[in-house]
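Colleague: I would like to learn how to read an interface, unusual backbone geometry and a sheet in a model of this kind. Could we take the features in turn?

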Amino acid sequence: MNIKDVEMILVGSLNSIGQDWEKGDVSLAQVYMSGKLCENIISELFPEIEIETHKFPKVYTVVLDDYHVMGQKILNVLLKINGYEVIDLGYGISVDELVSNVKEMKIKYLMISTLMLRAALKIKEFTQKINEQNIQLTCIVGGAPFNFDKNLWKEVNANAMGVSTSEGIQILTKMIREDLNVQ
Amino acid sequence: MSSNLTKEKFSSMERILQTLSHKESDRVPYILSFTHHGAKLKNISIKNYFSNPQTVHDAQLKLWQKYGADAVIGVHSFAMEVEPWGGTMIYYTDGPPNSGKPPLSIESIDTLEVPSINDFPKFQNVLKTMKLLKESMTDKVPIVGGLISPFSLPIIQLGLNKYIDLLNSDPKKLENLLTINQEFCLEWANAQLEAGATFICYFDPMASTDMIPRKKYLETGYKVAEKILPQIKGPTVYHFTSARVLPILDEIQKLPCAVISASSLEDLSEMKEESSSKQSIIGNFDAIKFRVMKEEEIEEMVKECILKGGNNGGYIFSDNHGELPWQISFEQIELLSKFIRKLGKYPLKFN
């Protein structure tokens, strides 16, 4: 069995778990532990090999103006298992800091995780500043506030939201493929 | 205390007691989870607001007079519960304080000692607020107390991911931490009741199957609740802070709590149907959506809740999280109060 086969099985499993979480059949702890287990499986079975990353652009993740990092942790693991090179911008980042990061690092794809409504609403301030400066950025959001109010992502001018991390990654992949004109 | 609310047939306390007995009073009781909104009313920072018990009391009284809810909120911010463990609250201008970076590590549990609320001014401020509210409200209006349960407290002590690691790796350390937390929480709960709180909201989101599997909760957090709830010297509300309850409701019903919360993700009529006659439900509108609702949408939402929960008492109308977001305007609250008071009159007109 080679690493690509293992990745395929793991990605399929994690997507299935993500769907179960959306339905309420699986707990957040199980989603988190399944991600950790998958990471461990890869590193134990193939200790010398790193997951081959896509030729796709890097993906950046952040917790904006908030300290609830769980969602981002799960997201980082799942992104890596899906073959993305992930740059973790950390947590508690302010809007201005994030705008600076986007400009300095030339970020094209950003995934923002929030738990608090006030932090979710800060995304609007962020996207406004990005748009004012004509910066091209795809911003996908996720977290509890967006699940309770399914229109909130539009209100904050994000490009999309993921109900679960799996869904968020699927949306990201689709958007990147469209941008790059690849299948 | 003066208000034209005092002219109602039932006092708020009588109304709440009536619904807890699964009887109908004059209308469905409602609780508005104002924690930091008093700062908006007073036009001061949230930090300054909570630093002065008299200010909190005055604001709670004003909010009660304006919006006519059936309780006043004695608690300040739950984020402050991080401080006895070495953490630091973070204040914002536009929302509830945050507990910030988790102060404990799994390794530090071995040397952890039980802190006392007497050593922390923010806790004393809450107790002063409750004493002042008790003087003003006497026995006419319930005063809401509350705390994070010993089982959910590790979320802010360790961080959720580290807590889940602990739950799955080290039962002995987990037990040590939960034992320490129980002692702390018990002191805090009973101090609030002594100061004037009418009941204690036992916030335990970790109990929900949204967070951990049912089996894990029954092996851990349920045992904590079984032990601590009978030692709390007053009625309790088992509150899941928006998380789902139904998958574990059959077990929660066996606990000595008077009220159980309902999530906006659940059908209130199903909750009511599954609930025992010994307990009542509180909930379950979602305040995040409510923030942007138009008047007719608010009316529909209130009507739906009353229709599903209001018959034969056993129901308190409230939001599903236990704290209203800062972003909700007072105009929205005005509309909400108007509709619950109008549509919630017994006998309900749209059975």
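**Reading the model feature by feature**

Modeller: Let us begin inside the sheet of chain B: B:F203 stands opposite B:H239 in β4(B). Please keep in mind that this is a predicted model.

Colleague: Which strands are joined by the bridges around that position, and in what sense do they run?

Modeller: Strand β3(B) is joined by 4 bridges to strand β4 (residues 236-239) of chain B, and the two run parallel. Strand β2 (residues 143-148) of chain B also pairs with β3(B) in the parallel sense, over 5 bridges. In register terms, B:F199 of β3(B) has B:V144 opposite.

Colleague: How should I read the side chains of such a strand, and which way do those of β3(B) point?

Modeller: The general idea is that side chains in a regular strand alternate between the two faces of the sheet. In the present case, B:F199, B:C201 and B:F203 point one way from β3(B), while B:I200 and B:Y202 point the other way.

Colleague: Is strand β3 of chain B mostly covered or mostly exposed?

Modeller: Strand β3 (residues 199-203) of chain B is mostly covered, with 5 of its 5 residues buried. Both sets of side chains, those pointing one way and those pointing the other, are buried.

Colleague: Let us turn to the interface. How much area is buried between chain A and chain B?

Modeller: The size of an interface is often given as the accessible area lost when the parts come together. Between chain A and chain B about 2300 Å² is buried, and carbon and sulfur atoms give 63% of this area. On the side of chain A, the three residues A:Y67, A:R118 and A:F148 supply 31% of the area that chain A buries against chain B, more than any other three residues.

Colleague: How many residues are in contact, and how many salt bridges does the rule find?

Modeller: The contact joins 28 residues of chain A with 30 residues of chain B. The rule finds 5 salt bridges across the interface. A:R118 forms a salt bridge with B:D94, with the closest N and O atoms 2.7 Å apart. In addition, 8 residue pairs are in polar contact between the two chains, both residues being at pLDDT 80 or more.

Colleague: Which elements of chain A supply the side that touches chain B?

Modeller: At least two residues each come from α2 (28-45), α3 (70-81), α5 (117-132), α6 (144-148) and α7 (152-155) of chain A. The most comes from α2(A), with 6 residues. By class, this side of chain A divides into 16 nonpolar, 4 polar and 8 charged residues.

Colleague: Next, the backbone. Which peptide bonds of chain B are cis?

Modeller: Omega is the angle to inspect. A cis peptide bond joins B:G283 and B:N284, with omega about -10°, and B:N284 lies in strand β6 (residues 280-285) of chain B. The peptide bond from B:Y346 to B:P347 is also cis, with omega near -5°; B:P347 is placed in the segment after α15 (330-343) of chain B.

Colleague: Where do A:N157 and B:N312 lie, and what is the phi of each?

Modeller: A:N157 is a residue other than glycine with a positive phi, near 65°, and is found in the loop between α7 and β5 (160-161) of chain A. B:N312, likewise not a glycine, has a positive phi of about 60° and lies in the loop between α14 (295-309) and β7 (315-319) of chain B.

Colleague: Why does A:N157 count as partly exposed, and why does B:N312 count as exposed?

Modeller: A:N157 counts as partly exposed because its relative accessibility is 42%. B:N312 counts as exposed because its relative accessibility is 52%, the cut-off for exposed being over 50%.

Note on methods: Residues numbered from 1 in each chain as written. Chains lettered and ligands numbered in written order. Predicted model: local features only at pLDDT ≥ 70, side-chain atom pairs only at ≥ 80, totals over all residues. Heavy atoms only, no water. Contact = heavy atoms within 4.5 Å. Buried area = accessible area lost by both parts, 1.4 Å probe. Salt bridge = Lys/Arg side-chain N within 4 Å of Asp/Glu carboxyl O. Polar contact = N/O pair within 3.5 Å; in protein donor to acceptor, adjacent residues only side chain to side chain. Nonpolar A, V, L, I, M, F, W, Y, C, P; charged D, E, K, R; others polar. Buried < 20%, exposed > 50% of the residue type's maximum accessible area, 1.4 Å probe, protein only. Pairing = 2+ DSSP bridges.
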